[in-house]
Amino acid sequence: MIADILVAGLVFGSLYGLVAMGFNVLHRPTNVVNFAQGELIMIGAMLMAATPIGGLPWGIAVVCVMAVVAVVTLAEERVAVTPVLRRSSHAAGWVITTLAFSLLIAEAAGRLWTDQPSTVAPPWPLSIDVNEVAGVRFSSYQVAVVAVAVAVVLLLGLLDRSRLGTALRAVAADRDGARLRGIDPTALTRRSFLLGGALAGLTGVLAAPLLLASVTMGLGLLIKGFAALAVGGIGDNRGVLVAGWVLGTVEAAGAAYASPGSQSVVLFAAMLLILLIRPNGLRGLAVQRHV
Amino acid sequence: MSEVLRTRSDGVRRAVPWLVVLAAAAVLPLVSGDPTITYLATTAAIYVVVGTGLNIMFGYTGQVSLGQGALVAVGAYATGILMADHGWTFWAAAPVAVVVTAGAGTLMALPAFRLSSWYIALVTLGAAMAARSLLVEFEGLTGGWSGLIGIPRPAIGSRELGERDLLWLVLVVNVVLFVMVRNIVDSRLGRAMMAVRDAPEMARSVGVGPARMKLFAFACGGATAGMGGALLAVHHGLVTPDDFTLDFSILFLLVVIIGGAARLAGPIIGTLLFFALPELLTGLAEWRGLIYGAALLVLMVYAPQGIAGAWDKLRARFWRGRVPAPAAAPDPADDTAEVGPPRGEPLGVELSGVRKSFGGVHALRGIDLAIEPGKVHAIVGPNGSGKTTLLNVISRLLRQDEGRVLLGAEDVSRATAERLARRGVARVFQTPRLLGASSLRDNVLLGAYARERAGGPATVLRLPWARRERADLVVEADRLLAGHGLARRADEDAAALPHGEQRLLEVARALMARPRLLLMDEPAAGLTPRELEALGRLIRAIRDAGTTVVLVEHHIELVANVADVVTVLDRGELVTSGAPEEALGDARVVELYLGAPA
């Protein structure tokens, strides 16, 4: 029982962590938390489930999905993020516009695809058939998902230490100051959105075999990814993955001990509790603003 | 007084369009024989109730709530359970629903105490999702997926209200609510909300606790959502979880934004346009989702003030065309205008061993400094010497890493900025932080927040004593505006003011607090020589009235003119402190500004 909960927690937690890493990538240069992230992931999953892309060899399919979602995300940056940041008349403007973009995606997806959830098979040689090793039951695909999440954290860490990462940090700290140093914040923002979109596509592809692909899967992933983001600490990729695991485990425990219907309530309550105790996240550093 | 009379007649003139809309809605069921129209009008009027509540949260306080639909659900279910299962009357059930939902709203905003504001949007979204699964989970109470049925209509005596009566009831609720919200918005609480929205740090410096203000806004929004839910329950006669989807929450956000956030008329215009119109043109209903998304996107980018805002802009342009523009030259400042006496004895400050670092930058490295009460104490030093950080530590907008801060005899090392404001500390910021969309008079009145006493109930009901208090403060604010040569523009928006006068407005706001200690951050930057001279006179007058002034300034001439004591900082350390000639003549200080002698 406990082993089952831990396995489910690790696997779904890895997904939530991946969603949160997507938030992080877009947040860096813009300070925007993308409310359309859940729907972007949904597109990724649905492209695998409901379009000819799913029929391609898996490796090619993944690249195609990531490219398509990246382009959609870039479109979001053009119509819903940069214009409001430029005319920042309302501090919360981007909350509304990214939410609006997510409504548009959801509506378009609802018209394109049926609302019937569909199964997606994992790529060969992985499978979702359950093996049992020393009393712990898991599938090879579940192991792969956790491994990919860890790999993405490591890759993003490498990126962070590169020239690009340094430039991104500079833009995050002071947009105009960075411009004076010859960094183009707009170009960096665009690149971050492409990367964040690709990551969302990958997350969708990974989630499809586990969750059933459906046009309504976005909202749940958005909220759970946000929970991981808030608990892990914004901008902290390792933190959000660990937070994802913690919350995934709490959720699985809630489903097992309380009732399956209450898992979102349990997850939400756990998030609020952690945040009331540690408002800047599990490992978060307090940031004080200047006047 | 003619002033009062003018506002009265203004009020009547402004009320006319409202009365017309109200009358039109009220006679609708008498004119139209179609019951669907009455039904629809009732629904729309209920949405206006909920939208008005969200306008307080989103429009005035700037908090995006995506959980409004869930709050309506709480109100609807509370009413449904009490009426259908326990046989309560509507008149008993509705108030309970309002209180319960206000509580739920406050609960939803609790994380606001610790988190930055955009979290609220996602927390409320999560709360909405959790609430929906709770509705299904507690099947025994809520009827699960099938919901509650058989909720009776409100009754007066033994007579049950009909379709038309219900519409009239909802309209009455709307009128009462409208007046209450107008009272809140046009009060210290309303100004505090807008301060939290536009400039949280300034809000704290005048004594507004942002978290408490957000809680208050959520309690108000929750209460109205609860009322809306109660009305919706008796209107439909049944409630199911499917009535309260995420789309339902977004509808209200849209209604507020499209109508005009932070405008009283916003929710009314928004509801008419966004709910009633597609409902009447059935072809549009199918496209509602797309319309929601596209409208939100376009509006937020191109017309963030919504239709009401666009209309105001248009009208302003139209009026400017007809009325001759006011004389460009500002009124001469009336130096004789008296500033009210401070609220008490001047306050001194004592810092000991104060350190503050930002990451690797050591802004203050162990400052020991005594600021004597009743003096003008200037703090000078090159850029990056830690002057503003010092001011922020004194005003508590920043907390020192180490060391103690005494205000008078009180240890405030761990106190908040809002508590200091209540003790009589006021602040002038380096870059003006104003309520751009509010009048100059309202900006000055905000300064009195900490000494004005009217709380929630007194404000909402406009009790006579609160009204008198307000009238006295308005007189005082107008006198201050006149003293700064701004009297003629008292009703204009602060955002329209040129930079130099925005600074004067900041000073007026600070003086409105009748401070015992005034902290000024580079008030002279960008002033003309004439304005500079006036500022010097003003600072001395403030001191002579019995207020301690701490002045961070680059303008050495001004400092030499007005300061009683000058402290020189360099790279976070205190270089010297003493009388102006002495301190500014110090060899180290000369070197700091002019470089080492050859």
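Helices (H or I, at least four residues) and strands (E, at least two) are DSSP runs, numbered from the N terminus. By that convention, chain A of this predicted model runs α-α-α-α-β-β-α-α-α-α-α-α-α from its N terminus on, which comes to 11 helices and two strands, while chain B has 25 helices and 12 strands. Because this is a predicted model, local features need pLDDT of at least 70 and side-chain atom pairs count only at pLDDT 80 or more, whereas totals for chains, interfaces and linings use all residues. Residues are numbered from 1 along each chain as its sequence is written, and chains are lettered from A and ligands numbered from 1 in the order in which they are written.

**Overall form of the two chains**

- Chain A has a radius of gyration of 19 Å (taken over C-alpha atoms), close to the 19 Å that the globule rule (2.2 Å times the number of residues to the power 0.38) gives for 291 residues, so chain A is as compact as a globular protein of that length.
- The C-alpha atoms of chain A fill a box of roughly 60 × 45 × 35 Å along the principal axes, and 51% of its 291 residues count as buried, a residue being buried if 20 or more other C-beta atoms, placed from the backbone, lie within 10 Å of its own, exposed if 12 or fewer do, and partly exposed in between.
- Among the contacts in chain A between residues at least 6 apart in sequence, 74% join residues at least 24 apart, where two residues are in contact if their C-beta atoms, placed from the backbone, lie within 7 Å.
- For chain B the radius of gyration is 28 Å, close to the 25 Å that the globule rule gives for 598 residues, so chain B too is as compact as a globular protein of its length.
- The C-alpha trace of chain B spans about 95 × 55 × 45 Å along its principal axes, buried residues make up 50% of its 598 residues, and residues 24 or more positions apart account for 76% of its contacts with a separation of 6 or more.

**Where the chains meet**

- The contact between the chains takes 35 residues from chain A and 36 residues from chain B.
- On the chain A side, helix H3 (58-86), helix H4 (93-112), helix H9 (218-232) and helix H11 (263-277) each supply at least two residues, and H4(A) gives the most, with nine.
- By class, the side of chain A that touches chain B has 24 nonpolar, nine polar and two charged residues; here Ala, Val, Leu, Ile, Met, Phe, Trp, Tyr, Cys and Pro count as nonpolar, Asp, Glu, Lys and Arg as charged, and the others, Gly among them, as polar.
- A:Phe101 has its place in helix H4 of chain A and is buried, with 27 other C-beta atoms within 10 Å.
- Not counting residues up to four places away in sequence, A:Phe101 touches A:Ala36, A:Glu76, A:Ala80 and B:Leu297.

**An antiparallel sheet in chain B**

- Four strands of chain B form an open sheet in the order E4-E3-E6-E7 with antiparallel pairing, two strands being paired if DSSP finds at least two bridges between them.
- The edge strands of this sheet are E4 (361-371) and E7 (410-411) of chain B, each of which pairs on one side only.
- E3(B) and E4(B) pair over eight bridges, with B:Leu364 in E4(B) as the bridge partner of B:Lys356.
- These two strands, E3(B) and E4(B), form a hairpin with two residues between them, and B:Gly359 in the turn has a positive phi of about 55 degrees.
- Strand E3 (residues 349-358) of chain B also pairs with strand E6 (residues 402-407) of chain B, in the antiparallel sense and over five bridges; B:Val349 stands opposite B:Leu407, and B:Leu351 stands opposite B:Val405.

**Helix H22 of chain B**

- Helix H22 (residues 529-544) of chain B has 16 residues and reaches 23 Å from its first C-alpha to its last, close to the expected 22 Å, a span reckoned as 1.5 Å times one less than the number of residues.
- In H22(B), the residues B:Leu535, B:Leu538, B:Ile539, B:Ile542 and B:Arg543 are buried.
- These buried residues lie on the same side of H22(B) because they cover an arc of only 130 degrees around the axis, the arc being that of the directions from the helix axis to the C-beta atoms.
- The face of H22(B) turned away from the buried side carries the exposed residues B:Pro529, B:Arg530 and B:Asp544.
- The cover over the buried residues of H22(B) includes strand E5 (376-380), strand E9 (517-521), strand E10 (548-552) and helix H23 (556-562) of chain B.
- H22(B) is followed by B:Gly546, which has a positive phi near 105 degrees.
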